[in-house]
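Work through the exercises below with the sequence and the coordinates at hand. Each task is followed by its solution.

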Amino acid sequence: MSLSNTDVRKVARLARLAMNETEIETARAQLSGIFNLIAEMQAVDTTGIEPMSHAQDVSQRLREDKVTETNQREAFQAIAPQTEAGLYLVPQVIE
Amino acid sequence: MINTSIKQLSAALAAKKISSAELTQLYLDRIARLNPELNAYITLDEEKSLAQARAADERLANGDATGLTGIPIAQKDIFCAKGWLTTCGSKMLHNFVSPYDAHVIAQFNNAGAVTLGKTNMDEFAMGSSNETSHYGAVKNPWDTARVPGGSSGGSAAAVAARLCAAATGTDTGGSIRQPAALCGISGLKPTYGVVSRYGMIAFASSLDQAGPMARSAEDLALLLNVMAGFDERDSTSLQREKEDYARDLNKPLNGLRIGLPKEFFAEGMGSDVAQAVEAAIAEYKKLGAVIVDISLPNTKLSVPVYYVLAPAEASSNLSRFDGVRYGYRAPEYGDLADMYEKSRAQGFGAEVKRRIMIGTYVLSHGYYDAYYLQAQKIRRLIAQDFTEAFKQCDVIMGPTSPSTAFKLGEKGDDPVQMYLSDIYTIAVNLAGLPGMSIPCGFGANNMPVGLQIIGNYFDEARMLNVAHQYQLATGHHDCAPQNIGL
């Protein structure tokens with residue numbers, strides 16, 4: 001299977017990764033090689049096989065709906081790139 | 001003093017032959033001498049380590065010590081440790097000082113173990129050679145022109161060079177077993193769900209599992225006793241009775257049924273690796289084991305299945321790194337989308353970006369059924385192969401890796417070649433089974449070879465027994481590299 005540069009550009013956008021044209025070309029070549037490896041799967045007949053999403057056949061454990069964590073805003077925001085008045089700062093989204 | 005088992009170190013501490021502070025200083029001095037070349041550690045903090053050692057000495061004096069109190073351990077840099085820089089081998093987390101402890105870290109702290117430092121690793125645990133680390137490649141102590149394996153390569157190199165008494169690792173597709181094999185040490189990936197993933201930076205959550213790396217199976221058992229156990233903060237942590245993983249170490253191996261999958265002994269394995277593994281099997285026969293020929297027919301498919309499922313889960317897990325709440329943010333950007341795209345492009349390395357792209361693609365509209373769902377179905381076939389095999393045998397054995405440690409840069413340009421070297425380890429993660437690697441001799445260029453032992457679900461105690469009996473009968477695990485100043 002071979003990918004086009006347009007495919008790669010689209011995936012990079014979905015993944016929120018900035019890429020220049022050289023990087024897109026390199027990624028296209030490498031991803032095509034990887035997808036050739038992955039294509040081996042297509043020959044397998046999996047009719048009637050239940051997908052296995054998890055290593056153990058156990059159901060999700062539930063807990064009581066109550067607060068278990070204490071507020072650590074200051075500790076968490078101390079390692080943030082940019083904060084102000086207890087809020088995380090990002091570029092303006094709404095005009 | 002340094003080149004000995006945890007049990008003996010612990011006995012020396014209890015007998016006051018040495019204090020934990022002195023022992024810790026011995027290791028720190030060795031690290032100062034050898035780490036500039038090996039690059040096994042990313043972060044060291046002598047003051048923190050020595051403070052923990054002094055606290056351990058108090059516990060020893062007060063008589064409330066455990067078997068690990070005062071023992072200096074290295075922690076893979078994937079585990080969040082409060083107050084420690086925790087980078088996961090990435091520029092993305094170059095400034096992330098963790099505000100909390102991972103469950104594994106807390107367990108070692110509670111046992112009184114000393115953290116010597118945080119070990120180097122492939123970026124976000126994605127790699128089999130440790131060359132994807134933002135902090136530089138780790139060198140193999142047996143030959144510094146060669147890789148230590150990955151992703152827990154720093155931990156493996158640190159144990160091999162005796163820069164710690166033992167270390168932690170994580171294994172998503174072989175990241176404990178393969179570096180253990182390439183560095184000539186012992187490593188164990190437990191059954192999925194046995195060790196809590198809380199505070200362990202996520203790569204592929206349905207496959208990731210933490211485990212110990214050490215000089216011997218006996219040491220591994222002591223470490224696993226501390227690491228294993230239910231933790232409600234990990235939704236996949238299993239509620240099971242606490243067990244003593246050292247309980248069966250001394251059982252004889254008479255009548256043990258060892259399954260040899262024909263697919264593991266086919267093309268692709270180096271002849272030097274084959275020779276060492278076959279010699280190990282012969283040793284097991286002498287110890288009373290019987291050999292059963294088995295088949296794991298879908299082994300070859302484990303590579304394509306893994307390289308769909310692991311990147312899919314990674315692309316989702318790594319979406320949290322957005323330059324907003326912690327970690328790297330690009331210095332210059334326009335709007336919010338631009339900030340995300342630039343921060344992620346600059347913060348992640350090439351291999352991580354590659355896997356995020358694969359994962360994003362296989363999960364995207366129109367491709368989900370053909371890739372992700374098909375991979376999950378074949379994952380079940382792979383798991384069923386093992387279920388069938390374990391009807392005929394107690395443990396499965398084979399090589400851990402098709403070759404011994406390769407040269408730095410040797411597989412740099414072709415990701416597919418690197419991925420194919422995971423052929424013997426990743427099926428175990430897909431099935432969720434426990435697997436380990438122990439040293440079984442040397443191959444070409446006098447580099448270590450690893451024997452892989454795969455057990456049935458929750459059969460860690462038996463696997464450790466199987467490994468320990470071999471280590472009582474042979475001396476491969478006691479071999480140490482030259483030039484590490486022992």
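**Exercise 1. Find what covers the buried residues of helix H1 of chain B, then place those residues on the helix.**

Step 1. The cover of the buried residues of H1(B) includes helix H2 (20-38), helix H3 (46-62), strand S4 (166-171) and helix H7 (217-227) of chain B. Helices (H or I, at least four residues) and strands (E, at least two) are DSSP runs numbered from the N terminus. The model is predicted: local features need pLDDT of at least 70 and side-chain atom pairs count only at pLDDT 80 or more, while totals for chains, interfaces and linings use all residues. Residues are numbered from 1 along each chain as its sequence is written, and chains are lettered from A and ligands numbered from 1 in the order in which they are written.

Step 2. In H1(B), residues 6-14, the buried residues are Ile6(B), Leu9(B), Ser10(B) and Leu13(B). A residue is buried if 20 or more other C-beta atoms lie within 10 Å of its own, exposed if 12 or fewer, and partly exposed in between, with C-beta atoms placed from the backbone.

Step 3. Viewed down the axis of H1(B), these buried residues fall within an arc of 100°, so they line one face of the helix. The arc is that of the directions from the helix axis to the C-beta atoms.

Step 4. Just after H1(B), Lys16(B) takes a positive phi of about 60°.

**Exercise 2. Ala125(B) and Asn446(B) each have a positive phi; decide for each whether it is buried or exposed.**

Step 1. Most residues other than glycine have a negative phi, and most peptide bonds are trans.

Step 2. Ala125(B), not a glycine, has a phi of about 65° and sits in the loop between S3 and H5 of chain B. With 30 other C-beta atoms within 10 Å, Ala125(B) is buried.

Step 3. Asn446(B), also not a glycine, has a phi of about 60°. Its loop runs between strand S10 (435-442) and strand S11 (448-455) of chain B. Asn446(B) has 12 other C-beta atoms within 10 Å and is exposed.

Step 4. The peptide bond from Gly150(B) to Ser151(B) is cis, with omega near 10°. Ser151(B) lies in the loop between strand S3 (114-119) and helix H5 (153-160) of chain B.

**Exercise 3. Describe the packing of helix H9 against helix H12 in chain B.**

Step 1. The axes of H9(B), residues 302-317, and H12(B), residues 368-389, come within 9 Å and cross at roughly 125°. Axes are lines fitted to C-alpha atoms, for helices over the stretch in contact, and angles run from 0 to 180 degrees between N-to-C directions.

Step 2. H9(B) and H12(B) are therefore oblique to each other. Angles under 35 degrees count as roughly parallel, over 145 as roughly antiparallel, 65 to 115 as roughly perpendicular and the rest as oblique.

Step 3. H9(B) contributes Ser302(B), Val305(B), Val308(B), Leu309(B) and Ala312(B) to the contact, and H12(B) contributes Tyr371(B), Tyr372(B), Ala375(B), Ile378(B), Arg379(B) and Ile382(B). Two residues are in contact if their C-beta atoms, placed from the backbone, lie within 7 Å.

Step 4. These residues divide into nine nonpolar, one polar and one charged. Ala, Val, Leu, Ile, Met, Phe, Trp, Tyr, Cys and Pro count as nonpolar, Asp, Glu, Lys and Arg as charged, and the others, Gly among them, as polar.
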